[in-house]
Structures are given as structure tokens and as C-alpha cells.
Amino acid sequence: MQNLATKFENLTIQSDFIFKKVMSRKRICIHLLEELLQIKIADINYLEAEKSLEPEFVSRGIRLDIIVADDKNTHYNLEMQVKNTKNPDTKNYVLPKRTRYYQALMDIDLLQKNQEYDLLPPTYIIFICVFDFFAKGNYVYTFKKRCLEDLELELPDEATTMILNTKGTHGSISKDIKSFYDYVNNHVINSDFTRQIDDEISYLKLDSKVRREFMLLEARLLDERREAKAEGKAEGLAEGKAKEKTATAKRLLSMGLSVGDIAKATSLSIEQVEAIKAE
């Protein structure tokens, strides 16, 4: 519990927990979107913070940090990305296809049954990254679908993905977005906007309910990790036993024992022993 208390005190805007809490303040979230997109937003509605989207039980469920809709029915998903994660099996970075998956699940959630496709609202998937995924130095990377045969021809599906690079060095962003980047990177307070964010974080850390919520969340995540580790260990043991039975069956086959006797000795089925024999 002491470790969790210390962890809570050291949380910054880079933490998913704190980022979600801060962006749950309308004035801060609206200002960030207005400055980033250079638009005016009269109001926003929160469509459930950290919403879990699981369209099918066999699908991969995700938790979206912040989903909001503005007064023009444009929908925004804001995410804080601290790690440039790779798939350990394929060695590929997961960010590009993660944005694709988030977009797909948002669209499924936004289109009600029997509604026409053209009723899908404009959407923005916005990932705030503390690393430069493309290594080009841009402050912002904005993606829309374009025709390869005519790059001036844009597919008007109204879906936009933005990868924000807080480590960027060039491009066109407002002073408040630049100050937000400085705050995310180094906790530098050099604008009224970042002062508001820092004050909000200070208030959150004084709130006993917020502290308790964080500790309960961390405890639950720890339990989930322990369960996953235990399941993985059990699967590993089962796989090891299966390999051991296979090796024993091969040795007994080399000694000339019958398939039936080997099946009895190893608890394998006759079909399994025959398959091993055929290898």
C-alpha cells in the first residue's frame, strides 16, 4: 500500500489515470481540441471515459481513454501513448494498426442498428505520443485516406487520425499546444493552459476519493497480471507434460512396443500414438 501511495504522488499527465481525469474537465479538453484543430467548440459531451468496446466476446476488447462529441456531432478519441510498443512475436510496432482498430470499434459503436452508413459522424483518433514514431521531427502527423493515383483526391469518409509528437521540433502548432508538449515532456509550466492542468492534477492528488480509486484500479490490474501469469504457467506445465509424453512414446516405439501398450503407458490415445508413429 505504501508503494501505491508513493506511485500515486508521483503520477504525471503521462499516466493514463491522470490524463483521463484531467481531460474529464471540459474547459481543459475543449481548449486542447480547439488549439490543436484551430476550431471553435461550444460544448462537448462525454461518451463515457475509458469506455470498453467489445463488439464480440471473441474480439479483442479495448479501453479508450476519452471519447467526446462536440456540438457539431464530431467525435474525438484522445489517448496518451507513453511506450512505442512492439509485438514480441512479429517485432512490428503496434501503433499503426492500433489506430485502425480504434477507428473500427468507434464506428461500430456510433452506427446504430439499421442506420445508414452516411449517418456516421466525423471522427478524430488522436494519439498523444511522447516519442516520434515516424522520426521526422513533426509536431503533428495527420492522416486521411487519399487516392494513390491522384494524391489530391481525398476519400470523404470524415475519419481523421492524428499522431501528436511531443518530442517534435518543427511544424505549425499553437503556443498552447507547444506549452502542453513541454508540460507532458518535462513538467514545464510556461502558459496559463499548463498552469490550469498542473493545478487540476494538484487538486486530484488531494482528493481522497481519487486516491482510493487509483489504488483499487492498481490492485485490480495487479490481480489480473497475477492471474495471467498463473494461467501462462499452467499452460506451460501442460505443454511440458505433453512434450514429455510424446518423447516417451517415441522411445517406446523405438523399443518395438505396440501402439496399444504405449497408449496405456503414456495415457495418450491410440490415435495420438499412431500419429507420433507416422511422423
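1. Helix 3 against helix 5. On the helix 3 side, H31, L32, E35 and L36 make the contact, and they meet D176, I177 and F180 of helix 5. Contact here means heavy atoms within 4.5 Å, while helices (H or I, at least four residues) and strands (E, at least two) are DSSP runs numbered from the N terminus. By class, this patch has four nonpolar, one polar and two charged residues. For the classes, Ala, Val, Leu, Ile, Met, Phe, Trp, Tyr, Cys and Pro count as nonpolar, Asp, Glu, Lys and Arg as charged, and the others, Gly among them, as polar.

2. Ground rules. You're looking at a predicted model, where local features need pLDDT of at least 70 and side-chain atom pairs count only at pLDDT 80 or more, whereas totals for chains, interfaces and linings use all residues. Numbering starts from 1 along each chain as its sequence is written, and side-chain values use heavy atoms, with hydrogens and water left out.

3. Geometry of that packing. Helix 3 spans residues 26–37 and helix 5 residues 175–186; their axes sit 8 Å apart at an angle of about 120 degrees. The axes are lines fitted to C-alpha atoms, for helices over the stretch in contact, and the angles run from 0 to 180 degrees between N-to-C directions. The crossing of helix 3 past helix 5 is left-handed, a label for the near helix being turned anticlockwise from the far one by less than a right angle (right-handed if clockwise).

4. The nonpolar cores. The largest core has 55 residues, and I13, V22, M23, F180 and I197 touch the most other members. (A core is a set of buried Ala, Val, Leu, Ile, Met, Phe, Trp, Tyr and Cys residues joined through side-chain atoms within 4.5 Å; buried means under 20% relative accessible area, exposed over 50%, and partly exposed in between, with a 1.4 Å probe and protein chains only.) Helix 3 is the top contributor to this core, with seven residues. If you want one residue to click on, try I13: leaving out residues up to four places away in sequence, I13 touches I18, F19, V22, M80, Y183, V184, I197 and I201. There's also a second, separate core of eight residues, including L252, I262, A263 and V273.

5. Aromatic pairs. The structure holds 10 of them. Rings of Phe, Tyr and Trp (its six-membered ring) pair if their centres lie within 6.5 Å, with planes under 30 degrees apart called stacked, over 60 edge-to-face and the rest tilted. Y93 and F133 are edge-to-face, at 5.8 Å centre to centre and 80 degrees between the planes. That pair links distant parts of the chain, 40 residues apart: Y93 is in the loop between strand 5 (75–81) and helix 4 (95–110), F133 in the loop between strand 6 (123–129) and strand 7 (140–143). Y93 counts as partly exposed because its relative accessibility is 40%. Y102 and F127 are also edge-to-face, at 5.4 Å and 70 degrees. Since Y102 lies in helix 4 and F127 in strand 6, this pair ties together parts 25 residues apart in sequence. Both Y102 and F127 are buried. Finally, ring pairs join Y93, F133, F134, Y141 and F143 into a cluster.

6. Two backbone spots to look at. A135 isn't a glycine, yet has a positive phi of about 55 degrees. A135 belongs to the loop between strand 6 and strand 7 and is exposed, with a relative accessible area of 64%. E158, likewise not a glycine, has a positive phi of about 60 degrees. E158 sits in the loop between strand 7 and strand 8 (159–165) and is partly exposed at 44% relative accessibility.

7. The tail end. E279 falls in the segment after helix 9 (270–278) and counts as exposed at 69% relative accessibility. E279 and K250 are 29 residues apart in sequence, with 9.9 Å from C-alpha to C-alpha.

8. Overall tally. The chain has nine helices and eight strands, and 37% of its 279 residues are buried.
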